[in-house]
Structure formats: structure tokens, C-alpha cells
Amino acid sequence: MKKWPLITTIANDVNNSKTTAVELVEESLRLIDQNQEYGAIISVLKDKALERAKFIDSEIKSGKNMGRLAGVPFIAKDNILTIGSETTAASNILKGFIAPYQSTAIEKLESEGAICVAKANLDAFGHGGSTENSDFMVTKNPYDKTRVAGGSSGGSAASVVLGLAPFALGTDTGGSIRQPASFTGCIGLKPSYGLVSRSGVIAMASSTDVVGPLTANVSDCALVLDVIAGKDPLDSTTIDRQSGSYEDIDDNIKGRKIGLIKEYLSDSLDEEIKQAINKTTLKLKSAGAEIIEVSIPSLDYALAVYYILCSAELSSNLSRYDGQRFGYSDKTAVNLSESYFKSRAKGFGTEAKRRIMIGTYVLSSGYYDAYYRKAQLVRTKIIQDFHEVFKQVDFLIGPVTPTTAFKIGEKSDPLSMYLSDIMTVGVSLAGIPAISIPMERENGLPIGLQLMTKQRKDKELLGLARKVEELI
Amino acid sequence: MEKLSKYLYKGYLPTIGIECHVQLKTETKLFSGIDNDARDAKPNTLVSHICFGLPGSLPVLNEKAISLAVKAAFALNVRPQIDSHFDRKHYFYPDLPKGYQITQFEAPIILGGNVKIKLSDSVKDIGITRAHLEEDAGKSTHKEGKDYSLVDLNRAGTPLLEIVSEPDMHSSEEAKAYAHELYLLMKYADVSDANLFYGNMRFDVNVSVSKDQNKLGTRSETKNLNSFRSVEKAVDYEIKRQVDLLEKGGQIIQETRGWNDAKQKTFSQRSKEEAHDYRYFPEPDIPPTKLDNNFINSIEATMPVMPEEWRNILKPLNLDPSSEDLLIDAEVEDANINYLPVIEKFIDSKEALKKVTNWLINIEIPLRRDNPEVKALSTKERVDYYQKIYDLNETGSLNSNRAKDLIEDILKSDAPITDIEKYASDKGYIQVSDESEITEIVRQVLADNEKATNDLKNGETKVIGFLIGQIMKQSQGKANPAIAQKIINQLIKL
């Protein structure tokens, strides 16, 4: 497991010619090659990355500063479009699809000199919490190869922990950044909904999808967020940044009120996780924070609401994969409807089909009111409840997952897989920012602590995260 | 209460509601910055990743479309909704790239409104149920005998306003008048090019018939009519078809029908059983639209004079109905030519107004219609021209025939005619009203035509016409005939 210096240090060294972008990219490519057994990477952008690295080095030689991420290699989840290279969302239906335009997040990173070296594995289209639903391979946990790395951003999380690159981009729809970060022991930030543009990100559930960084430390996380955050004319749901830099964070927690969510500390929570949380809570208390137990009763319904709304949106978002313009198209079909049926039947995996069925059902006439509309009402209630609780406390903390990383193949029943999202989906429905940060562990598997706060208070969230990082 | 008996066809009351798709005249598409004018473009050249429905592409609402919808609301005599939002309407078809159409289902931008339609003997209000914004699909071409179809996505994403009327019409005359009035409203409000030939307005007519006037029959919907005449004909055809079917003991099925213009017949396309479940839900990629009252008011303030208002302006002139319709239609035939501002200029003098209006109706409008190459003149230029022509006519220097010649010359002239009076005089259009000059000519003519002069002296007044003709000939048409007659009378002492 390679440990990279702080990203700021790397970029400074590149800009000051202490090292070169080519050396960094070559190092990253070498590590990717060495760690193939983990199944973290779908495709490597070797030629493009080296070409870009050479360009950056030559610009620096001619005296230019190439930005805050100059020469820094990174890995993007393969549902984020990288112009001119394959972007598959880990699905057979998009295998071989070359992105003809650039996603905003990648564009912003590249404009600060970062270099995308590879595309990371995921559950196809983001449907899952273990990357076992990838149509290509399973990503293995760097701490135990018989266990999952989590998902859907499992490839991104494993990449960061294995040190394949200093940082990775993931997407979080119901916990897809936080849960794999928790399972593998890296930092995973789900920013406020709308803080990072979704333009060029293959949609799962449009109303909760967010792009965020996975990093080895909070400083790197803040830097990457600072580069990718902000309003984008190509995405109408984006929101304004907070003023100032996201790197300019205040980690003073004296007198801050932190709520411990009662609903997340039930008996079904692993004892090990419960103890880790208790320990961290005590440390926060001795650092001057006030810990209050809070209740958000509507969270009991979050999982059900999430799986209705998310399936509804994704069933719609996946309609465009019809075999007519791009992606897999079945050539044995003799007419239009057969082309639709065969292309989609063969192109989509089991989980995508299951969710398309659920989503189609809950939107069908006669069922819309009972499922979709009711779920929207409960979602509003959940948002209100979070709003209420943030009148009492500045932050919320809790576990990310009920268990540590489970065994590959252990959760064959889709419902038990859905249940592992139970502590992350509430935040997604509310659109608030949350981060998973690794806690102290004794010989066991990584355990993440979930920190949450009000919408558009991502900077404050990073402040608390840095404090936790320091205390552990 | 409207008297419905006049509408009965073989004892059945027809009821008609119309849905109209109006293409909005925005520069770019509804959700992408791609050129909206696909008329002369090669297939699939006006397509972005958004129009193509590529993975990761997101719609961004064109605010101009919102402004135009607000204008349309005022044209339909209603304030737009403060809150509206877009929904997704799902179905699979190759010309619908995303697998859903973005439309306003639950909360449209326009609710309510009405359209005053002009009938031969009356004016009637047709209620508007709603009007919503949506994106158009692409265009599919199915070639006869080929095992493939072609899809052109240039049109995909073009902004449409779908205007849904109440079922307030009961005859094809009313349906046609409604379609025509809607066309005028959209043109006057400058919401759409409303070019029917290019499909800028497409009408779907819902027709049902019922013996029970308090109960609607089962309706058919004939889609995609692109002329006022086809609206009229399709309604007539459907009324007759449905009544005949019912009379024969048959049943009407709720279905979608098409219109065969060559055969002047509707034909079945799809029955209700085959109808889609569109699975509408709010479009999560576009935040709900919230209009600011100041914004609405600022658009209201720019609303032009609408046809109804213009009809009121023209009322005192007692034009025959076809002349009035001609003027109102002509006003929006060419975006560069406006007749109303010219007419408005003369509004204070009823005499002048009447004359200028007649010149427009009888000379300029027909001339422009027959000669599309006639160049546009600015309103100011035209007001100045008509003012001068009117003045010359009023003082007797220019008779009506010469006025017509002069107007035609002005319109057809390649170079602008700067000095009208000089031009008219050089062309010999100006009448001589100088009495001494005319007296000379009269004397000469009387001397040259001894017999006629004697006849006149003997009281045969019918020869006056002949003598005046001779005077006009002698003066090469310049003599003012009224003055010539006066001088004859003086000289012969009638």
C-alpha cells in the first residue's frame, strides 16, 4: 500500500520541478499494473495520461505554474465521462462506449493540472454496495481479499487505499462513496447535493447523485472539493459554493454540539462498530464538544423511501440505453421492438433489470400515488426532521454501515444488500453533506465514522473531520 | 346559455376540443444551446450530446422559452402561473432519444384563458384549459419498401407550447375559426413563426357526437393537422363518420386517428387499449420554475396590440368583413411589414383613416402578396409616403387613379423616392388646377369641337363627358376634371 505525500506537496514539487508529472504517472501506472488482482480498475488511460504528463512537464519547464493539482494522478469512477476514452459504468450495455464529451468534474480537475490515469470499478450504473454487481469483476478489499471493498464506488475506494493514485473520484447516490470508504478505511466525502456538477456523470438517481472525492486524508479531500465544487451552467441543480476556499477550515470544536443519532445505534449494529463510536465520542467530548443523543424518527422509513424514489428515477434514466444510438445493440433483432427487448435484456445485468422493474412499477398508473407520491411526502418529512434536529445540534454523527466489510458472495439476497445502505440513504434523501472517516481499529477491518451537517456547510463538516482525524 | 340546436347534425350534437402544438421562436432549443431553426439544415447536424440523449447529459432550461410562454399567456388572456415544473413522459421510440419527453404535466405554466373567435355572424369565447411547455421529438421517416427507418434529431428538443382548449366548439366552422384565431394570437404576440407549412403549428382535434346534449360521446382524436382547412375538413369528416356509424347501430371507440389529405379522410391509428402508460414524474434535472411578478409585469408591458383590439380600432370604418380579415391577416404575413402602425398614424382623422386603409387593402397588400420581391419599407417611410399622397389627393392635385399609380411606383421602385411631389409631377400624375391654364385648354377644345359645343349650348348636357375627355386628352391627363367642368359652365354660361 503506497503512501503518497499530501497532494499540495506533490503539486508543489511538480511546479518546482523537484519531480515530474511523467514520473508520478509512471509510478501510478506501475502500481495499477501490480495490483490488478484487486479488481479496482476497469481501464487504464496510459497513453493519454503520459501525453498529458509530458505536456505539463514541458509547460513547467517553460516557466508556467500548472495549477494546484499539477501532475497529480487520479482515478475516476467509470460512470464519470472522460472525453475520448471508454466510459462503461461497469455495464455490458456501455462496453466500448467512448465518451464524446468531458464531464465537468474531470474538466475542473484537469484545469488545475490533475491527470486521470484510470477508470475505477463500480456496481454497474451504481446499483449496489459491493461492486459485485459490476458486469466485469468484483473489487476486493485491500485489507482482506475475501471481502468486498464496498460500493458502488468500491474501485475508487480500493484504489486510494492501495495507493494507486493520491485520490479518486466517486459518486454517491445512497451511500456509494461513504460505504466503500468505511469498508476500506479511506476518507469519502458526499458533498451537499448540487455542490458538484453532475454534467457528464452517468445518472443513477438524479435527485440524490453527487460526485465527491475519496482521499487518504482530510486536507486532500478539502483541496479536491475546492477544485470541483461550484455552480455549473451545464447542471441546473448545482448550487453556489460557500465563500472562500474549502481548504480554509476551522477544526475548533469547543462548545460545538454534536448529535448522536439514536436510530442508528440499534441492536442490529455490530458491537465492534458501537464500541469504536463510543470511543470516538469520548475523544470528541474531551476535546470540548457537547455530545447529545438525538432522535430522527422518520429515518426508519428512509430505506423504503430511498428504494422507491431511486428506482423510479433510475428506471427513467436507463431508458436511453435502447440499443439504437450507442452502446450494446443486438444485431439478431428483426424489428424495432425486438431490438429494444433483446438489446436491453442482454445489455443490462440482473440488478439493473430488477431496479428498472421496481421503478417502472412504482411509477405506473394506479400505483404512483401509493408508492412514488407517498415516498415523496415521506422524503419531505425526512428533510424537515433533519432541519429540526440541526436547530439543536451543529453536527450529527453515527456509523456508516451496520457491519464491517462482508465476504464476497455473502449477501446473495438483494434485500439484505439493500439493508446495508440503511445508515447512508437518509442523508442522501435530505441532500446534506456527510463524510466517512476511518476510526481506530484493533486488528480488525476498517470502520468508518459518518459525520453529517446542514446543507451547504461542507466546509464546517471538513473542520470536524479534520478534528476527528487528529484525535484518532 | 348557448342555443345548441343550431349545431345538430341528424339530431346529434358534435363537440370539439382542440390541442395545438405551437413551435416557439427561440434561437436555441428548449434544453440545449443548439440552433432551433432546422428548416434548411441537413439531417442530424443540429444535435448536441443533450439532443442525442448521451449518458451524463443534462437539460438546461432556455429562459427565452419561458418569456415566450408568458407572452402566450397574455395572448390567451390570462396571467401565467407563478409556479410550474417539468415532468418526464416515458415511451420508447427511436426519435425520442432519452426514452422520455420532458413536458409539463402536473403544473403547466398556463392554466385557464380564452380565445375570442370570429364567426360569420357573431363572436364566441372558447375556453383554454391549459398550455404547457415541452420538447419536440425528432423526425422519423419510414420509406416505402425499405427495411429501415430514418431518424433526424434536428427537431429533437425544439420548444413547443401545447395549448389545450375546452370542448367549447360544436361545428367545423368554429374549429376552423379557433385554429385561425390561435394562429393570429401566436403571430401577433410574436411567440411563434407560426408557419403552418413548416409545421410550426400542428392541431389535434378531439371530436365526439351525442344525442344527449348533457353528455359527451366517445371521442376520437385526429392528430397532426397542419392547415385551417384540414382542421375544418377533418372535423366535418369525423362528425359524419361518427353519426353514420351510430345510426347504423355501431359504436365509437376512443382512438387516435390520422388525416389523409389526398383522400380527405381520417383513418384509425391506435385505439385506447394500445395507449401508453407514460409513467409521468417530476423531472429531477430541472428545478421547478418560479416566476417573479416583476418579470411577468415587464413582459405584459411589452405586449403588442392584439387582433381583437385592432378590430375595435377598425370598427368605426365599417369595412366589409373580408377587408377587415384581410388587414388582420396581412399584418402578420411578413415580420418586416406592419400595416397597423400606418393606420394608427391616421387615427385622428376619420377621412384620412378611411382612405389610407382602403389604399392598404386594395393596393399595397394585394401588390405585396402578388409580388413577394417588393422590398420592405420602414413604418416611418410608409407613414410619410401615405401622408404625402393623402395630402396631394386632398388638395385635388392627385386623383384616385394617379394615387394608385403613385403607390405602386413607390413600392416597386428600386431606389427610394425621396421627393414624392416632384416625382409625381415629373410622371405627370399631378392634376393642373391652375384655372387660367385650364381655361386656355377649355377654350381651345370648345373651338375645336364646334358641334359638341353647340349641342351643349342647346342643353344637351350629355356631351359634357365627351368634352371633358377631350380636355383631359389635350392636357395629357393633368387637368383637374372638376375645375375643367366649372370652367366649361362659366364659358358657356349654363
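How many residues of domain 1 of chain B are in contact with domain 2 of chain B? Six residues of domain 1 meet five residues of domain 2, as set out under Figure 3. The model is predicted, so local features need pLDDT (the predictor's confidence in each residue, from 0 to 100) of at least 70 and side-chain atom pairs count only at pLDDT 80 or more, while totals for chains, interfaces and linings use all residues. Residues are numbered from 1 along each chain as its sequence is written, and chains are lettered from A and ligands numbered from 1 in the order in which they are written.

**Figure 1. Chain A.** Chain A contains 15 helices and 13 strands, taken as DSSP runs numbered from the N terminus (helices H or I, at least four residues; strands E, at least two). Its radius of gyration, 21 Å, agrees with a compact globule, for which a value near 23 Å would be expected with 472 residues; the radius is taken over C-alpha atoms, and the globule rule is 2.2 Å times the number of residues to the power 0.38. The C-alpha trace of chain A spans about 65 × 60 × 45 Å along its principal axes. Of the 472 residues in chain A, 60% are buried, meaning that 20 or more other C-beta atoms, placed from the backbone, lie within 10 Å of the residue's own.

**Figure 2. Chain B.** In chain B there are 15 helices and 16 strands. Chain B is more spread out than a compact globule, because its radius of gyration of 30 Å is well over the 23 Å that the globule rule gives for 494 residues. Along the principal axes, the C-alpha trace of chain B covers about 95 × 55 × 50 Å. Buried residues account for 39% of the 494 residues in chain B. The average pLDDT of chain B is 91, and 98% of the residues score at least 70.

**Figure 3. Domains 1 and 2 of chain B.** The domain assignment of chain B lists domain 1 (5–294), domain 2 (305–426) and domain 3 (435–492); such bounds come from an automatic or database assignment. Between the C-alpha centres of domain 1 and domain 2 of chain B the distance is 37 Å. Six residues of domain 1 of chain B are in contact with five of domain 2 of chain B, contact meaning C-beta atoms, placed from the backbone, within 7 Å. On the domain 1 side, helix 2 (residues 172–188) of chain B gives the largest share, four residues. That side of domain 1 of chain B has four nonpolar, no polar and two charged residues; Ala, Val, Leu, Ile, Met, Phe, Trp, Tyr, Cys and Pro count as nonpolar, Asp, Glu, Lys and Arg as charged, and the others, Gly among them, as polar.

**Figure 4. Contact between chains A and B.** The contact takes 34 residues from chain A and 24 residues from chain B. Helix 9 (302–317), helix 10 (336–347) and helix 11 (350–363) of chain A each supply at least two residues of the chain A side, and helix 9 of chain A gives the most, three residues. For the complex, the predictor gives an ipTM of 0.96 and a pTM of 0.92.

**Figure 5. Nonpolar cores.** The largest nonpolar core (buried Ala, Val, Leu, Ile, Met, Phe, Trp, Tyr and Cys residues joined through C-beta atoms within 7 Å) has 253 residues, and A:F74, A:V117, A:L451, B:A69 and B:A72 have the most contacts inside it. Another core, of 12 residues, lies apart from it and includes B:V445, B:I471, B:A479 and B:I483.

How values were computed. Two residues are in contact if their C-beta atoms, placed from the backbone, lie within 7 Å.
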